Amino acid sequence: MHLAEVADYIQSKYGIEASYVDLAGQTLAAVTVPGANESFALLLKKDGREAVELKAGSLAKFLVAQPAFGPAVFVQDPAWIRVDLDNPALNDRFFYKTLDSAYQSSRPLEAAKNTADDRQEHEIYLLDDEGEDFQEEVIPKRPAFFKDSDFDRLLAEKGQPVIPEGIRQMQESYDYLAVPRRERNFYRQGMLMANYEDDFAQMVPINKQRPVYHDLTVDQLRSFFSWRTKFRQGKYKPAPAAYVYLLASELVC
């Protein structure tokens with residue numbers, strides 16, 4: 001795969017043209033959704049090698065383990081990933097679905113309100129030669145990227161459990177345009193998880209002193225919510241300080 005193909009895909013599908021500049025000894029183009037404050041992709045070329053860096057959010061920790069994927073180099077942010085376009089192991093279909101996800105998560109909230117989710121869409125059937133009556137059907141909504149992807153299958157192949165639906169919905173709700181992003185998302189996600197219960201056997205350590213949900217892996221989230229479930233049932237079990245801090249943050253918020 002080449003950068004020219006990626007740029008053509010972005011222009012034809014999203015109407016966004018990539019404009020390249022020379023910076024720090026390499027050629028790059030930042031791709032931004034119109035109206036957004038942050039880019040969702042960087043197209044990079046240096047020393048004959050081509051790569052794309054994408055804003056992957058909570059999926060970054062999973063994606064970096066996939067063939068031809070890895071941690072971002074140019075963007076110093078753990079929510080970003082790097083895709084080596086020269087790697088023969090790269091799955092084109094998987095890459096473009098990841099690119100689509102980065103684009104969708106970067107769309108401004110105002111634009112999202114005007115999407116098909118808030119309008120009645122119709123599929124029109126033309127009348128045939130025999131004058132058959134006009135027919136109209138609602139087009140089914142396109143499934144969310146996470147539900148229409150290969151991620152669950154890949155997790156299963158690696159022997160990892162599929163993400164519980166409650167946690168999946170909470171992760172999908174993360175708003176990268178919120179200000180302040182960390183606090184608003186913790187409150188929003190906390191409301192979604194207020195009644196969530198889990199039964200995860202492991203007590204997974206959390207090294208971060210003051211975590212929010214977005215900082216944690218799926219196993220850490222399941223471990224915390226399982227501990228919280230037992231705590232609410234009056235079955236207190238000693239836990240790392242980060243667990244207690246997270247519970248106290250929920251109560252305060």
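Buried means under 20% relative accessible area, exposed means over 50%, and partly exposed lies in between (1.4 Å probe, protein chains only). The model is predicted: local features need pLDDT of at least 70, side-chain atom pairs count only at pLDDT 80 or more, and totals for chains, interfaces and linings use all residues. Numbering runs from 1 along each chain as its sequence is written, and side-chain values use heavy atoms, with hydrogens and water left out.

**Stop 1: the strands around β6**

Select residues 80-84, strand β6. Helices (H or I, at least four residues) and strands (E, at least two) are DSSP runs, numbered from the N terminus. Add β4, residues 49-55. β4 and β6 pair in the antiparallel sense over five bridges. Pairing requires that DSSP finds at least two bridges between two strands. Pick Leu54; opposite this residue stands Ile81 of β6.

Now add β5, residues 69-71. β5 and β6 also run antiparallel, joined by three bridges. Which residue of β6 is the bridge partner of Phe69? Val83 is.

**Stop 2: a salt bridge between strands**

Stay on β6 and select Asp84. Show Arg49 in β4 as well. The two form a salt bridge, with the closest N and O atoms 2.9 Å apart. The term takes a side-chain nitrogen of Lys or Arg within 4 Å of a carboxyl oxygen of Asp or Glu. This pair links distant parts of the chain, 35 residues apart. Asp84 counts as partly exposed at 23% relative accessibility. Arg49 is partly exposed too, with a relative accessible area of 46%. A search of the whole structure finds 10 salt bridges.

**Stop 3: the loop after β6**

Move to Asp86, in the loop between β6 and α3 (92-105). Asp86 is partly exposed, at 33% relative accessible area. Show its contacts (heavy atoms within 4.5 Å). Leaving out residues up to four places away in sequence, Asp86 touches Gly48, Arg49 and Glu50. Then draw a C-alpha to C-alpha line from Asp86 to Ala68: 8.3 Å in space, 18 residues in sequence.

**Stop 4: a nonpolar surface patch**

Select Val21, Leu23 and Phe74 and turn on the surface. These three form a nonpolar patch with about 240 Å² of accessible area together. Areas come from the Shrake-Rupley method with a 1.4 Å probe; for residues, only the protein chains shown count as cover. Patches take residues with over 30% relative accessible area and no salt bridge, joining like charges within 9 Å and nonpolar side chains (Val, Leu, Ile, Met, Phe, Trp, Tyr) within 5 Å. Val21 sits in strand β1 (residues 21-23). Its relative accessible area is 45%, which means partly exposed.

**Stop 5: helix α6**

Select residues 165-172. Which residues of α6 are buried? They are Ile167, Arg168, Met170 and Gln171. Look down the axis: these buried residues fall within an arc of 165°, so they line one face of the helix. The arc is that of the directions from the helix axis to the C-beta atoms.

Next, show Glu165 with Arg168. They form a salt bridge, its closest N and O atoms 3.9 Å apart. About one helical turn separates the two, because they are three residues apart in α6. Glu165 is partly exposed at 38%, whereas Arg168 is buried at 6%.

**Stop 6: a bridge between helices**

Finish on Arg228 and Glu250, whose side chains meet in a salt bridge (2.9 Å, N to O). Arg228 belongs to α8 (residues 218-232) and Glu250 to α9 (residues 241-252), 22 residues apart. Arg228 counts as buried at 1% relative accessibility. Glu250 counts as buried at 16%.
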